[in-house]
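Visitor: I'm new here and I'd like to know the reasons behind the words people use for a structure. Could you walk me through it?

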Amino acid sequence: HGKVSFALDTGCGRCHNEIKPADTATVVADLDAARSLTSAATPDVIAKGGQLYQAACAVCHGEKGDGKGPFADALPLKPRDLTKGSYRFRSTATGSLPTDWDLFRTITIGVPASLMPPFSGMSVDDRVALVAFIKSLAPRFASDPKGEPVVIPARPAFTAAMATRGK
């Protein structure tokens with residue numbers, strides 16, 4: 001890699017210059033549609049995800065997903081070790097596995113303020129295949145219970161008593 005310039009929306013100019021982010025309306029529609037997708041992690045889907053991963057992700061996350069790709073040392077924030085099955089951006093409780101949608105969302109929008117670009121320019125099927133492959137890297141996805149999103153209750157209606165209590 002050597003010295004390269006970075007664009008915040010696409011990451012490394014040498015690695016991701018063929019993957020242009022989709023427009024906002026498409027991203028929103030894809031994320032909404034992905035909520036109902038069920039990942040059929042067949043061997044073919046995982047293999048397709050593996051090919052995509054090697055082409056787009058391994059340079060940072062490593063061939064094995066251990067976060068030790070050839071460019072990892074040059075990054076200000078180290079890439080996630082995907083073999084641990086531990087993720088920061090998820091809708092599930094601390095310590096639990098993320099949902100497929102959580103992984104799809106992170107792949108789609110990237111990680112702002114890091115050099116992980118959005119991969120919203122990939123087809124939905126390709127991003128679903130990446131999710132299946134990424135899950136195959138971490139044994140936790142085969143052994144731990146599936147993570148369930150934390151339910152956030154609706155905000156209570158405002159009352160004068162609440163305002164008084166908050167003073």
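Visitor: Where does Ala22 lie?

Guide: Keep in mind that what you see is a predicted model. Ala22 lies in the loop between β2, residues 11-12, and α1.

Visitor: What makes Ala22 partly exposed?

Guide: The relative accessible area of Ala22 is 25%. Buried would need under 20%, and exposed would need over 50%. The value falls in between, so Ala22 is called partly exposed.

Visitor: Which residues is Ala22 in contact with, leaving aside its neighbours within four places in sequence?

Guide: Those are Val27, Ser120 and Gly121. There's also a long stretch of chain to think about: Ala22 and Ile109 are 87 residues apart in sequence, yet 9.5 Å separate their C-alpha atoms.

Visitor: What is the pattern of the chain, read along the sequence?

Guide: It goes β-β-α-α-α-α-α-α-α, which comes to 7 helices and 2 strands. The chain has 167 residues, and 39% of them count as buried. Take the contacts with a separation of 6 or more: residues 24 or more positions apart account for 56% of them.

Visitor: Why is α1 called roughly antiparallel to α4?

Guide: Helix α1 covers residues 24-34 and helix α4 covers residues 100-109; their axes cross at roughly 165° and come within 10 Å. Angles over 145 degrees count as roughly antiparallel. The crossing angle is past that mark, so α1 is roughly antiparallel to α4. The crossing of the two is right-handed.

Visitor: Which residues of α1 and α4 make the contact?

Guide: From α1 come Val27, Asp30, Leu31 and Ala34, and from α4 come Trp101, Phe104, Arg105, Thr108 and Ile109. By class, this contact of α1 with α4 has 6 nonpolar, 1 polar and 2 charged residues.

Visitor: And what makes α4 oblique to α5?

Guide: α4 and α5 pack at an angle of about 120°, with their axes 9 Å apart. Roughly perpendicular runs from 65 to 115 degrees, and roughly antiparallel needs over 145. The angle fits neither class, so α4 counts as oblique to α5. Here too the crossing is a right-handed one.

Visitor: Which residues of α4 and α5 meet?

Guide: On the α4 side there are Asp100, Leu103, Phe104, Ile107 and Thr108. On the α5 side you'll find Val124, Arg127, Val128, Leu130, Val131, Ile134 and Lys135. That contact of α4 with α5 divides into 8 nonpolar, 1 polar and 3 charged residues.

Visitor: How do you know that α4 is largely enclosed by the rest of the structure?

Guide: Count its buried residues: 8 of the 10 residues of α4 are buried, so the helix is largely enclosed. They are Trp101, Asp102, Leu103, Phe104, Arg105, Thr106, Ile107 and Thr108. These buried residues pack against α1, α5 and α6, the last being residues 140-143. Just after α4, Gly110 takes a positive phi of about 75°.

Visitor: How many residues does the largest nonpolar core have?

Guide: It has 27, and the ones with the most contacts inside it are Tyr53, Met122 and Leu130. At least two residues of this core come from each of α1, α2 (43-56), α4 and α5 (124-137). α5 gives the largest share, 7 residues. As for Tyr53, its contacts beyond four places in sequence include Leu82, Leu130, Phe133 and Leu137.

Visitor: Why does Asp126 count as buried?

Guide: Asp126 sits in helix α5. Its relative accessibility is 18%, and buried means under 20%. The value is below the cut-off, so Asp126 counts as buried. Leaving aside its neighbours within four places in sequence, Asp126 is in contact with Lys48 and Leu52.

Visitor: Is Asp66 buried or partly exposed?

Guide: Asp66 has a relative accessible area of 26%. Buried stops at 20% and exposed starts over 50%, so Asp66 is partly exposed. Its place is in the loop between α3 (58-61) and α4.

Visitor: Which residues does Asp66 touch, not counting those up to four places away in sequence?

Guide: Asp66 touches His61, Asp81 and Thr83. Asp66 and Asp81 are 15 residues apart along the chain, while their C-alpha atoms are separated by 4.3 Å.

Key. Residues numbered from 1 in each chain as written. Predicted model: local features only at pLDDT ≥ 70, side-chain atom pairs only at ≥ 80, totals over all residues. Heavy atoms only, no water. Axes fitted to C-alpha atoms, helices over the stretch in contact; angles between N-to-C directions. Helix = DSSP H or I, 4+ residues; strand = E, 2+ residues; numbered from the N terminus. Parallel < 35°, antiparallel > 145°, perpendicular 65-115°, else oblique. Left-handed = near helix turned anticlockwise from the far one by under 90°. Contact = heavy atoms within 4.5 Å. Nonpolar A, V, L, I, M, F, W, Y, C, P; charged D, E, K, R; others polar. Core = buried A, V, L, I, M, F, W, Y, C linked by side-chain atoms within 4.5 Å. Buried < 20%, exposed > 50% of the residue type's maximum accessible area, 1.4 Å probe, protein only.
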